[in-house]
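Subject: A structure for you to look at

Hi,

Here is the structure I promised to pass on. Have a look at it first, and then read on for my notes.

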2 protein chains.
Amino acid sequence: MVKKTSMKDIAQDVGVSIALVSYVLNNQKENRISKEVAIKIREAARRLNYQPNQIAKSLKTNKTYTLGLIVADISNPFSSSLARIIENEADKFNYTVLFGSSDENPQRLQKLIDTLLNRQVDGLIIAAPEGSEAQLTALQQRIPFVLIDRYFPNLSTNYVALDNYKSIYTGVQHLVDSGYRRIGLISFATDLFHVSERKRGYRAALKDNQITISKAWINELGQATYTGEMAKSIQELLSGKQPVNAILFASNALALHGLKQLNALGVSVPDDVAVLSFDEAEAYDLFHTPVTCIRQPLADMGQMATRLLIDIIQKNNRTTQVNLDAELIIRASTRPVQTLATAD
Amino acid sequence: MVKKTSMKDIAQDVGVSIALVSYVLNNQKENRISKEVAIKIREAARRLNYQPNQIAKSLKTNKTYTLGLIVADISNPFSSSLARIIENEADKFNYTVLFGSSDENPQRLQKLIDTLLNRQVDGLIIAAPEGSEAQLTALQQRIPFVLIDRYFPNLSTNYVALDNYKSIYTGVQHLVDSGYRRIGLISFATDLFHVSERKRGYRAALKDNQITISKAWINELGQATYTGEMAKSIQELLSGKQPVNAILFASNALALHGLKQLNALGVSVPDDVAVLSFDEAEAYDLFHTPVTCIRQPLADMGQMATRLLIDIIQKNNRTTQVNLDAELIIRASTRPVQTLATAD
């Protein structure tokens, strides 16, 4: 490893004082330094590959132009797509992004927050796990942050999220309009507000259509165990007293595993059961039937959260809360009932 | 925004000197400080939520415990899975990971390198884009780094990569053993060494089986334009003078779009054409036929690269080059020819 070039090296190379090198490279006292010397110093800095020490600079400006991003799991396509959008948007404003995965675990979130704050990030974008209200409340005294995707209705924080209630309501209404009235929900067992809102929207849409919900229609799987529970859940929905003719998956991870199990069980979509997915994944394109889904405005979400955070870092103290609308993408997996081979 | 707690605040709170606070919080001169006072100082630090300034610390130790990771595109599942593995492995050694996407562009790579070096990362893990030899050569004088997934045979750098030649050779041999002798290759038009190695392995395996390769069998698509070119490429492979009965996709992105197009064109796998994919993606599970693939040892790759980098940062100067073996996962998309409905 070659030693880093210092201002001293440049000073020795050009034959001037270190102070003079510092003035030129920091654009100070320009009127008092001859252009010729300044050019020599800059040329030597380039030739010797001089890199200013950003950490020393940061101590003076108190800004590092670094944002921290805490997602649930960077290997989930929702998280990684969002990370890429945030990265691109931050780059436009010359910010670099540091990231970490919380694994939906408040302790791991706290560890990441501490690490990122120790690295002196200017602000955080956080997809908050369940049970992290205390951490977030404490964080409000320490650094600007914007919640993304999830938020807590009782916490007055900046956030950019989806109107989950409305999005699900619209999706369920589409199913009812297509002739499906026995609609199962496969979701996660969690108190996370955005997931509860999805259940609330599902219930409200059915109720408003005078459909009595059977208890057996709502299946809430464990966040750590859902892949193992999926097959049983689907079989129960399809074979109960009131078997469903449509299934709504409350997230892309659930839909992905649900579609795999429907394949494995030899269930035909939409002839045996219609499928509606919250979120989408590129993977769905490989399923035999194009899957109707509730598409989140990912680009808007990531860009707005990034700009909002930079805005807060740079100047304002307002609390901004954004609720975005989803888009319902209607495909063959929810074909109207009367067009199905098995119409009943 | 509340002001950050300083050592001065703690000193005033406890009623001692700032020097004494500094000694206690930095575990210095322990024998000379009363336990009672030390406890009071630590208690005040906790109560006032004191956070040590890691940047100031870094100036002294010259270590930031931060690694930079440059992938091609964090939203590609290969990259995001690798990022997650590296993140987990780095965390075991108390390193945080900063990441960026190069978009397969050497200029963007250079910008990311400069940004990460300015943030004083201790080392870099890089999936290097085509044409970045000059940047990497210059980088060797500046900071420890490990190439991952891709490397340049003419550069003497640390790397952890796959033996691409051998992996493809094994896959093609499996196709031949299953009765397929007209095998098309869909790859990228690039001089990247790891992609060239895949083509070389494909050619060698066919040659060693006395199969004469038709020029029309090798389709190299543009890295930025392949999604638009895929349908035409597949149709040409299936309809030429010597139509293929098996297609080898040289990456998961190519296979993903290839499988979509096979669906759209109504081509049945493996009855009309067998499919072998380099890399795999969770998405394949939704394809009607389970897809045979060459599985890269992602966990090994990410963990070895991380440990190697930390090892180099901490003590040694050796150049280490690791070539890993892939695993061939045989599924129904390459069923032996004699079992097919359309056996010929």
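Let me start with a pair of helices in chain A, keeping in mind that this is a predicted model. Helix α1 (residues 7-14) of chain A packs against helix α3 (residues 35-47) of chain A at an angle of about 120°, and their axes are 9 Å apart. Angles between 115 and 145 degrees fall outside the perpendicular and antiparallel ranges, so α1(A) and α3(A) count as oblique to each other. Their crossing is right-handed. On the α1(A) side, the contact is made by A:I10, A:D13 and A:V14, while α3(A) brings A:K40, A:I41, A:A44, A:A45 and A:R47. Sorted by class, the residues of this contact are 5 nonpolar, 3 charged and no polar.

Over in chain B, try helix α2 (residues 18-25) and helix α3 (residues 35-47): their axes come within 10 Å and cross at roughly 85°. That makes α2(B) and α3(B) roughly perpendicular to each other, since 65 to 115 degrees is the range for that word. From α2(B), the residues in contact are B:L20, B:V21, B:V24 and B:L25, and they meet B:V37, B:A38, B:I41, B:R42 and B:A45 of α3(B). This contact has 8 nonpolar residues, 1 charged and no polar.

Further along chain B there is another pair to look at. The axes of helix α10 (residues 226-239) of chain B and α11(B) come within 9 Å, with a crossing of roughly 55°. The two are therefore oblique to each other, and α10(B) passes α11(B) in a right-handed crossing. B:Y226, B:T227, B:M230, B:A231 and B:I234 make the contact from α10(B), and B:A253, B:L254, B:H257, B:G258, B:Q261 and B:L262 make it from α11(B). Here the split is 7 nonpolar, 4 polar and no charged.

Now for some backbone details. Most residues other than glycine have a negative phi, and most peptide bonds are trans. With that in mind, look at the bond that joins A:V269 and A:P270: the peptide is cis, with omega about 0°. A:P270 sits in the loop between α11 (252-264) and β9 (274-278) of chain A. In chain B, the peptide bond from B:V269 to B:P270 is cis too, and omega is near 5°. B:P270 lies in the loop between α11 (252-264) and β9 (274-278) of chain B. Another spot to check is A:N94, a residue other than glycine whose phi is positive, near 65°. You will find A:N94 in the loop between α5 (77-92) and β2 (96-101) of chain A.

Stepping back to whole chains, how is chain A divided into domains? Domain 1 covers 7-52, domain 2 takes 61-162 + 298-324, and domain 3 takes 164-296 + 328-339. The C-alpha centres of domain 1 and domain 3 of chain A are 66 Å apart.

Finally, how are the two chains related? Chain A can be laid on chain B by a turn of 180° and a shift of 0.0 Å along the axis, with an RMSD of 0.2 Å. That turn and shift are why the relation is that of a two-fold axis. The same surface serves both copies, as 98% of the contact residues of chain A recur in chain B.

Best wishes

Conventions. Residues numbered from 1 in each chain as written. Chains lettered and ligands numbered in written order. Predicted model: local features only at pLDDT ≥ 70, side-chain atom pairs only at ≥ 80, totals over all residues. Heavy atoms only, no water. Least-squares fit on C-alpha atoms with pLDDT ≥ 70 in both. Contact = heavy atoms within 4.5 Å. Domains from an automatic or database assignment. Axes fitted to C-alpha atoms, helices over the stretch in contact; angles between N-to-C directions. Helix = DSSP H or I, 4+ residues; strand = E, 2+ residues; numbered from the N terminus. Parallel < 35°, antiparallel > 145°, perpendicular 65-115°, else oblique. Left-handed = near helix turned anticlockwise from the far one by under 90°. Nonpolar A, V, L, I, M, F, W, Y, C, P; charged D, E, K, R; others polar.
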